[in-house]
Every structure is written in structure tokens, then in C-alpha cells.
Amino acid sequence: NGKTAVMNITMVVKTKRAERTMKMESYSIGKEKSFIKILYPGKDKGITFLKIDNTMWQYVPRIEKTIKIPASMMLQSWMGSDFNNDDLVKESSISNDYTHNLLEETPDSFVLELLPRDEAAVVWGKIIMKVSKQYFLPTIVSYYDEENVLIRELAYTEVQQFGDRYYPTLWTMDPKEPEKEGHQTIIEIADAVFDQTVNESYFTKRALKRYSK
């Protein structure tokens, strides 16, 4: 992800009954700090999110209130999608909170098994990750619960070059639970700039309201 990243993102959330599109911009420094602002649709415009380390806040302009996301809500859906709050908060924990075993190697990929460390506060019982040898990027990530049941699968495709960095621009999350049949969330990275200076003022609680406008 680089030392810093600025992205324009489109997210499409599909269910059996409906489909809706959201647009947002994202700013991040390393894996520790990130700021997201919703640009579209109008009813959600100005909602902002701040993540610092493992803590996350949300500002809702309609009620002019900043809300800290408690640990009990980490598995809840993020903005009605098939991603959850934990995905935003714990993105850095893949390397820290799991042991990594090479299950399989093919001419074009590695298949890794990630098992949580005993002391790790994580939600998944196991993650299976397929990694491209060409780009050393994940291509398919399968998430299992503690009962070894497949809960969801995330595919990373459409790798593009941004400067000297390759990055997947299409993320497709398919939930596997029976009650979520027909659901899907697609994230498209419309533009990305890595390793340029990002204003530190985005990463304070005051920024949630200030940059909401």
C-alpha cells in the first residue's frame, strides 16, 4: 500500500432486491492511519470515517455527531456492504496476528494458510490466501469461521500500474452464508496515488467534522 495512499473509490452493493452505488475518497498513511469521506449518494454525502491503529470513529453530518465504533460492532456491515468494520480496522493484522504456512505452489501462484496466533484478537478461524507470483499480490482470499466454515471470499483482479507500484483495482466480495445468497459487493479503485505527501490534518478527530463539508 505504500507509505501513503490517496484513492478515489466506487463501491457497488448488490442484494437480491436492490443495487446501490457509493463514491468515496480515501487518505492513508502506512497501515496505522486512514480517513474516508463519502461523496455520493446525497443522503450519505459527508459521512466520514477515521481509523488510527485499532480504533475507529464515524461522523454523521445529519445528526452532527461523532461516534466511536465499539469492539462489539466490529463484525457489523460497513455502510451496508459485505465488508465489515473490522476490515477497515484490522487490515494490518494479516502480517502480525496470523502464522503463515505454504500449502501449495503452482507455476503462477502460492497458496497460503493463515492461522490466528493464540494471543491475537481476530475474528477469523482461518484464512486461505492465493498470491500471484507475477505481482506478489493476493488474488483470492477465503475467510473461515472458528468452525472451519467458509463465510466469504474476496477476489482481487484488474491489476494496474500506478507509478512504480502494481495494485488490484477491482475487489469483489462474495458472501457464502446461505442467508446472503445473491449478495455481492464490488469495489473499484478509479485512481490511486502512492508515496506522496498526505496532510496529517486528516488524522485527528476534529478532521471528521471539518472535512465532512
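In which strand does Thr169 lie? The legends below answer this and then visit other spots in the model, which is a predicted one.

**Close-up 1. Thr169 and its surroundings in strand 12.** Thr169 lies in strand 12, the run that spans residues 165-175. Is Thr169 buried or exposed? Thr169 has a relative accessibility of 4%, and because buried means under 20%, this residue counts as buried. Look next at the side chain of Thr169, which reaches the backbone oxygen of Glu158 at 2.6 Å. Glu158 is also one of the residues that Thr169 touches, leaving aside those up to four places away in sequence. The others on that list are Thr157, Gln160, Phe162, Ile187, Glu188 and Ile189.

**Close-up 2. The second largest pocket and its lining.** Here we turn to a pocket with a volume of about 250 Å³. How many residues line the second largest pocket? Its lining is made up of 15 residues. If you would like a few landmarks to start from, Leu75, Asn84, Ile151, Glu177 and Lys180 are the lining residues that lie nearest the pocket centre. Strand 12, already met in the first view, returns here: strand 12 (165-175) and strand 11 (150-162) each supply at least two residues of the lining. By residue class, the lining divides into seven nonpolar, four polar and four charged residues.

**Close-up 3. A cis peptide bond between Tyr40 and Pro41.** Which residues does this cis peptide bond join? Tyr40 and Pro41 are the partners, and omega is about 5°. To find your way along the chain, look for Pro41 in the loop that runs between strand 3 (33-40) and strand 4 (48-52).

**Close-up 4. Glu64, a residue with positive phi.** Glu64 is not a glycine, yet its phi is positive, near 50°. Where does Glu64 lie? You will find Glu64 in the loop between strand 5 (55-60) and strand 6 (65-68). With a relative accessible area of 60%, Glu64 is exposed, since the exposed class covers values over 50%.

**Close-up 5. Phe136, in the loop between strand 9 and strand 10.** This loop links strand 9 (126-132) and strand 10 (138-144). Phe136 has a positive phi of about 55°, although it is not a glycine. Is Phe136 buried or exposed? Phe136 is exposed, and its relative accessible area is 60%.

Terms used: Residues numbered from 1 in each chain as written. Predicted model: local features only at pLDDT ≥ 70, side-chain atom pairs only at ≥ 80, totals over all residues. Heavy atoms only, no water. 1 Å grid on protein atoms, 1.4 Å probe; cavity = no way out; pocket = protein on both sides within 12 Å on 5 of 7 lines; lining within 4 Å. Points joined across faces, edges and corners; volume = space filled by probe spheres on them. Helix = DSSP H or I, 4+ residues; strand = E, 2+ residues; numbered from the N terminus. Nonpolar A, V, L, I, M, F, W, Y, C, P; charged D, E, K, R; others polar. Buried < 20%, exposed > 50% of the residue type's maximum accessible area, 1.4 Å probe, protein only. Polar contact = N/O pair within 3.5 Å; in protein donor to acceptor, adjacent residues only side chain to side chain. Contact = heavy atoms within 4.5 Å.
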